[in-house]
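Trainee: Could you take me through one part of this model up close? I would like to look at the open and enclosed spaces, and then at whatever else helps me find my way around.

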Amino acid sequence: MMKKVVTLLFTLMCFEWVSAQADAVLWYKRPANIWHEALPLGNGKLGAMQFGDTLTDKIVLNEQTLWSGGEQEADRKEAYRFLPDIQKLLLAGNNVAAQTLLQQQFTCSGPGSKNGKMEHFGCYQTLGNLLINWKKSENTVTAYKRSLNLQQAISNISWKYQNDAQIQQESFISFGTNVYLVKLVAKGTKLNFSLALERKENAKILVKNNAVHLRGQLNNKNGWGMQYASQLKCIPWGGELKSDNLSLQISNADSCLLVFSAATNYNSISGKLDSAIVPEKKVAEWVESITVKEYARYKTNHLTQYQKLYNACSLQLPMHHAAIDTLSTQERLVHYYQNGSDAQLPVLYFNFGRYLLICSSPKDGLPANLQGLWAQEYQTPWNGDYHLNINIQMNYWLAELTGLSALAAPLHRYTALLVPNGQKTAKAYYNADGWVAHVISNPWHFTSPGEQASWGSTLTGGAWLCEHIWEHYRFTRDTTFLRSYYPVIKGAAQFLKSILIRDTATHFLVTAPSNSPEHAFVMPNGARANTCMGPTIDMQICRELFGAVAEAAKILQTDATLEHELRTLIPQLAPNRIGKNGDINEWLHDWNDSESKHRHISHLYGLHPYDEITPWATPELANAAVKTLEQRGDAGTGWSLAWKINFWTRLGNGNKALQLLKKLLTPIFDNQGKKITNGGGTYPNLFDAHPPFQIDGNLGATAGIAEMLLQSHGHNQVIRLLPALPSDSAWQNGKVCGLRARGAFLVDIEWKNGQVANGKITSVKGLPCNVFSPNKLVVIDAKGNRLATAKGNLRFNTQAGKTYTFRSVKE
């Protein structure tokens, strides 16, 4: 009997280990050949993409603030003089002429974001490469493996030679101190390699004091801009360290510790270049403070800091498929694509999404950009900038939901830093109060319209950012935070209030001129244009922002007059309207789409991320949203698929959401490196393929997975348990811990056979709690008192800091 018990315990332990590996470790059987196979490390400020080659290993380096360009006056100072004429043309139905005039007089001054690297707008750039050139061995490499442990934010690379000698590499970018540490260990052999840093542009490389220094200054159009510096040191144990003008050479060492760091003279708190910051000095302080003897302490400190964030939320789907045990992550993608079972792959993707945000959004830095932190180019796609018409916002949808609320601080701070420039832009183009930001921005806080009328005059980018400020309050109920950011959201509302005009045909208040992001329409006369009045997304954002500012004013007991004005305006705004085909109109009128399968589905902003459309409160509009999604189809870029996952989740259709998640997990390459798709999908290292790589798809889909299991939007912010659980067998049993709900609640849920089994709700602020469960539950307080029993709606009072348990009961 004892033998059977021991065997059972051992089997369970092995299952838990395999499951933990399957949902928290990316691993591969060979070195990376391309950047999209390399493994990402980061601590928010420093980033590295590790290839893991056994001859010439390349590590692509990034520093989060490294941007070319600089501050500029991009507003057309007299643009507001042309606003009445543009609006008259729109009111007369002459959208094409309005767009022509807008292109001539109402875009930004200068080239805007085009070829940003060489302009004032600037471009996020790679810092360069760290090269490890291994001395060639006569023995064949065997037993190669490289991996990234998401629970630790540590990568490991190892290989053997035919003579059983082994090389091991452990790497992490410390959350405790701003250094990238690579520990190399030889077993049965010695370490022989050289080290170098390289950068193709604006760089000076020198070796002094047994360290490689890379420093320089990027361009700001024809002048000079940001300064940067980096340093690489090698501390060998045994053997010999030599150097020449460009590299370090290590011979016959038993082990080595590589220490790297980088910095710029950009101040993320002020949002400006700071002459008081000397990059070389900062980097030297970080690098020179590291000693080999304290490596274990650095690692422990790193794990402590990182795991405070990572362990705040966890998801488990316990079904295990033995077929995946020997498959690399790339092979698992192909296996899943070919309809193979892999319950752990969606969990791995969820964990990877949270990992990416933790590693690319430092509390005291810039927000995560289009590529988060990681880039290999000097001219990154779309400048690696901040797109304000969904992309930067999608990066942060998961933050409040999955216990990473603190990581939204860079986004909030960045939004506030847009205000001064945004006020100038509001005056220059609209002669309006408040502040505005349009479609694109950068660390220099660009707020002008873009350079093209077809996309650049969307005027609700700043207002959309304000949603994240309001959502942070809804999740945390932090009135101190709300008070500090109230002027920001107030200013955005004042701008929209100032620029509304009354449409003479419908008599509704509308924005003008604007775009529905990046999409065009076809008018009944066949005219095709982008410039319009009152696109649906604008009106939804107006309703959301006006309502939020009015409610914030009430909470903070201020601006009673403004509160009344905003509440009075909301019913006058152009409403959501259902078109002749049963879908929600994207524009003020029921015009045809220029692209029926367009990637942006902006007119469903009211479904997600806003919550004015819900199946329970507005079923007719929810049905129209379904029709809209069906018309747009399931194809799309990576981030577009992620948004569709969130849409279907909000509609309670977990099966459709999972279908789209599987589509998002379509591998770009097969196991031989041959391309499978040119559309949206997933690269071998799990990076989202727009294509090219954009991090928003990863982060947006992670939020969608969370909302399959918990939602708290809508009237009364009801906590809905398992609102969109897929019927797939892999999802019928599971557990999620640490999800956050609006009203300042922390929620754990365990489910069995597709129904809620038990869980916990912790009340942070002591507010009344509303819960909806698909099956009958009983809620019990810490003293064992039954507070509520029901299927469907449950309501009970809470006390701050107290935890309440719930469990299923027979109906």
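Mentor: Let's start with the largest pocket, where α15 gives the largest share of the lining, 6 residues. Keep in mind as you look that this is a predicted model. Helix α15 covers residues 536-556, and α13 and β34 (769-780) are also among the elements that each supply at least two residues of this lining. In total, 26 residues line the largest pocket, and about 620 Å³ of space lies in it. To find its centre on your screen, look for Trp 470, Arg 474, Arg 477, Glu 551 and Gln 717, which lie nearest to that point. Sorted by class, the lining of this pocket has 10 nonpolar, 7 polar and 9 charged residues.

Now for the enclosed spaces. Rolling a probe the size of a water molecule over the atoms shows where empty space is left. The structure has 4 cavities of 30 Å³ or more. In the largest cavity there is about 180 Å³ of space. Here you meet α13 (461-476) again: this helix and α9 (397-401) each supply at least two residues of the lining of the largest cavity. Of the 15 residues in that lining, Tyr 396, Trp 397, Glu 471, Phe 475 and Arg 742 lie nearest the centre. The classes here come to 7 nonpolar, 2 polar and 6 charged residues.

The second largest cavity has a volume of about 60 Å³. Its lining includes Gly 534, Thr 536, Met 539 and Arg 543, and further along the chain you can pick out Ala 574, Pro 575, Asn 576 and Arg 577. Asn 585, Trp 587 and Leu 588 belong to the lining of this second largest cavity too. Its residues divide into 5 nonpolar, 4 polar and 2 charged.

While you are in this part of the sequence, have a look at the cysteines. A disulfide is a covalent bond between the sulfur atoms of two cysteines. With a cut-off of 2.5 Å between the sulfur atoms, the count for this model is 0 disulfides. For Cys 532, the nearest cysteine sulfur belongs to Cys 542 and is 13 Å away, so this distance does not meet the 2.5 Å cut-off. Cys 737 is in no disulfide either, as the nearest cysteine sulfur, that of Cys 313, is 8.1 Å away. Cys 532 is also buried, with a relative accessible area of 1%.

Next, try strand β35 (residues 786-796), where you will find Ala 788. Ala 788 counts as buried because its relative accessible area is 14%, and the limit is under 20%. Leaving aside residues up to four places away in sequence, Ala 788 touches Leu 777, Val 778, Val 779, Leu 794 and Arg 795. For a sense of scale, Ala 788 and Gly 353 are 435 residues apart in sequence and 36 Å apart in space, C-alpha to C-alpha.

Finally, turn to strand β2 (residues 39-42), which is covered on both faces. Leu 39 and Leu 41 are buried on one side, and Pro 40 and Gly 42 are buried on the other. Strand β2 pairs with β3 (residues 46-50) in the antiparallel sense, over 4 bridges, and Gly 42 stands opposite Gly 47 in β3. Between the two strands of this hairpin there are 3 residues, and Gly 44 takes a positive phi near 95°.

Conventions: Residues are numbered from 1 along each chain as its sequence is written. This is a predicted model: local features need pLDDT of at least 70, side-chain atom pairs count only at pLDDT 80 or more; totals for chains, interfaces and linings use all residues. Side-chain values use heavy atoms; hydrogens and water are left out. Buried means under 20% relative accessible area, exposed over 50%, partly exposed in between (1.4 Å probe, protein chains only). Contact means heavy atoms within 4.5 Å. On a 1 Å grid over the protein atoms alone, a cavity is a set of points where a 1.4 Å probe fits but cannot get out, and a pocket is an open set with protein on both sides within 12 Å along at least five of seven lines; lining residues have an atom within 4 Å of a point. Grid points are joined across faces, edges and corners, and a volume is the space filled by probe spheres set on the points. Ala, Val, Leu, Ile, Met, Phe, Trp, Tyr, Cys and Pro count as nonpolar, Asp, Glu, Lys and Arg as charged, and the others, Gly among them, as polar. Two strands pair if DSSP finds at least two bridges between them.
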